[in-house]
Each structure stands twice: as C-alpha cells, then as structure tokens.
Amino acid sequence: MPQTRRIGVTMRVVRSGYGETRDALARDWPLLFERLGRLGGYAPDWLMLPNTGEECVELARRQGVRGLLLTGGDDIGATPDRDETETALLRWAGQEGLPVLGVCRGAQMLARQAGVRLAPLLPERHVAARHAVVWQTANAASAGLPPFAGRGEVNSYHAWGLEAAGLSACLSPLAICPEDGSVEAFVHTALPWRGILWHPEREPQPAACDLPLLQSLFTLN
C-alpha cells in the first residue's frame, strides 16, 4: 500500500440564524475519500482545518499536515476569515514546497496567489451545468500527470473563472473549455500545485481524470 501524507482540508464559512459562525465541509468529501481508499489501494489521511487565520498554519504544523486541499464554496471576498486562512496556508505551503490541490474556489485562490485576475463567466454555461474540456497533453506530462488527451466532460458550479490570456507565467493550462476558452484546470510550473474548477466530490463515482490528481496529492512519491 502506498505511503500517504496527511492533507489539511479547508472548509466553507456558515453563519447560523442566531449569529454563530461555523466552518463546514460538504459530506461529499469524506465519501470521496472513502471511495479513494477502496479504488486506489490507499486510505487518505486528512484533517479539517478551521478558518482561524495565521493560527491555522500553526495547527497544521502541529498536526503533521504535509499537503493542502482547498475546497469550494464562498466567493473570494465574501468571507474574509476564510480568505485570510487560505492565504496564510498557501504562503506556508509555498515556503515548504507542499502539494496543493485547489477545487473551484480553491483553484481561484491559487490563481489569485499567482497574481491572476478572475473573469466573469456565463452562468448558463458554468453554473449547475456540464460542459466539455480539451486536455492540454504536454502540460499534463510536464507536471508528472498521465497524458490526458482529447476531450472530456466535467461538472461546473462557478460564475467566475480564468482566461487563458490572463494566466501568469507560473501557471500552465491543463484543461480548456472549448466553448469560451476559459481555463478549467491548471498546474503551477514551479510548485506541486494544481487547480481544477470542477468538483470531483460531486460525481457519483470518481472520474478517471480526477484519480491521478487526488492520488498525487495524498500519496508520497
């Protein structure tokens, strides 16, 4: 069985009806982690991380976190405590060279960390919809991923995205939406960071394209 690293999983912010602030993780994620254990022959080791700003980095260190999964939910700017927490975690991950997978909002945070400006997308194409993607084979291979080729299909739940022309030099596109040219996945050229705009946890079964992304995050090379 492959040796696994402990992954810190970020959470969305929820405000209760009587003013209490809570952090929450969609149930889809633990279910996906269990499926990975059955499919991939390894049991992911993960820890939920609270939105406590810089203090979260110290918690992650103490708990032996050696990689990050930034989940979706909460538009950037809507929850300052989450923005502060994930910014601090990414700063730490960059200093330590830790692997990071950003999903939807998480991918947007990775892009923002690289200085990329988000662009509005057509809701009818990208919000609660499915659409095609075209894989960028050479960029996948250079990032140590399987040589994805041709076209695929992904789910989509985001109103903000990334334009290929607006990517910084340190990000390479991994998947493009052919209908509008927006970047649906990317890899960092200097760090083991990947971002995807779709939601692997919302598929009834793990998609073939998602398995190598998740396995490379959780397992040691």
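Is Trp46 buried, partly exposed or exposed? With a relative accessible area of 26%, Trp46 is partly exposed, because buried means under 20% and exposed means over 50%. Keep in mind that we're looking at a predicted model here.

**The aromatic cluster**

Trp46 is a handy place to start, since ring pairs link it with Trp29, Phe33 and Phe218 into a cluster. Searching the whole structure turns up 4 aromatic pairs. A pair of rings like this is described by how far apart the centres are and by the angle of the planes. Here are two of the pairs, both involving Phe33:

| Pair | Centre to centre | Angle between planes | Type |
|---|---|---|---|
| Phe33 and Trp46 | 4.9 Å | 55 degrees | tilted |
| Phe33 and Phe218 | 5.5 Å | 70 degrees | edge-to-face |

Take the tilted pair: Phe33 sits in helix H1 and Trp46 in strand E4 (residues 45–49), so to speak two distant parts of the chain, 13 residues apart. Phe33 itself has just 1% relative accessibility, so it counts as buried. The edge-to-face pair spans helix H1 and helix H7, and so it ties together parts that are 185 residues apart in sequence. Phe218 is buried, just as Phe33 is.

Another ring has a charge for company: the charged end of Arg202 sits over Tyr157, 4.3 Å from the centre of the ring.

**Two nonpolar cores**

Now for the greasy parts. The largest nonpolar core holds 30 residues, and Leu69, Trp135, Leu174 and Trp198 have the most contacts inside it. Elements giving two or more residues to this core include helix H1 (28–40), strand E8 (127–135), strand E11 (171–176) and helix H7 (210–218). Apart from that core lies another one, of 27 residues, with Val57, Leu162, Leu167 and Ile176 among them.

Which residues does Trp135 touch, once neighbours within four places in sequence are left aside? Its contacts are Phe148, Ala149, Gly150, Arg151, Gly152, Leu174, Ala175, Trp198 and Cys209.

**Thr71, a buried loop residue**

Thr71 is found in the loop between strand E5 (65–70) and helix H3 (80–96). Its relative accessibility is 3%, so Thr71 counts as buried. The Thr71 side chain reaches the backbone oxygen of Thr10 at 2.8 Å. Beyond its neighbours within four places in sequence, Thr71 is in contact with several residues, including Val9, Met11, Leu25, Trp29, Arg82 and Val103. Arg105 and Gly106 are also on that contact list, and both are buried residues of helix H4.

**Helices H2 and H4**

How many of the 9 residues in helix H4 (residues 105–113) are buried? The count is 7, which makes H4 mostly covered. Besides Arg105 and Gly106, the buried set has Ala107, Gln108, Met109, Leu110 and Ala111. After H4 comes Gly115, with a positive phi near 85 degrees.

Helix H2 (residues 54–62) has Cys56, Val57 and Ala60 buried. Looking down the axis of H2, these buried residues fall within an arc of 105 degrees, so they line one face of the helix. Glu55 and Arg62, on the other side of H2, are exposed. The cover over the buried residues of H2 includes E4, E5 and H3. H2, too, is followed by a glycine with positive phi: Gly64, near 75 degrees.

Conventions
Residues are numbered from 1 along each chain as its sequence is written. This is a predicted model: local features need pLDDT of at least 70, side-chain atom pairs count only at pLDDT 80 or more; totals for chains, interfaces and linings use all residues. Side-chain values use heavy atoms; hydrogens and water are left out. Helices (H or I, at least four residues) and strands (E, at least two) are DSSP runs, numbered from the N terminus. Buried means under 20% relative accessible area, exposed over 50%, partly exposed in between (1.4 Å probe, protein chains only). A polar contact is a pair of N or O atoms within 3.5 Å; within protein, one must be able to donate a hydrogen and the other to accept it, and residues adjacent in sequence count only if both atoms are side-chain atoms. Contact means heavy atoms within 4.5 Å. A nonpolar core is a set of buried Ala, Val, Leu, Ile, Met, Phe, Trp, Tyr and Cys residues joined through side-chain atoms within 4.5 Å. Rings of Phe, Tyr and Trp (its six-membered ring) pair if their centres lie within 6.5 Å; planes under 30 degrees apart count as stacked, over 60 as edge-to-face and the rest as tilted. A charge sits over a ring if NZ of Lys or CZ of Arg is within 6 Å of the ring centre and within 35 degrees of the ring normal. The arc is that of the directions from the helix axis to the C-beta atoms.
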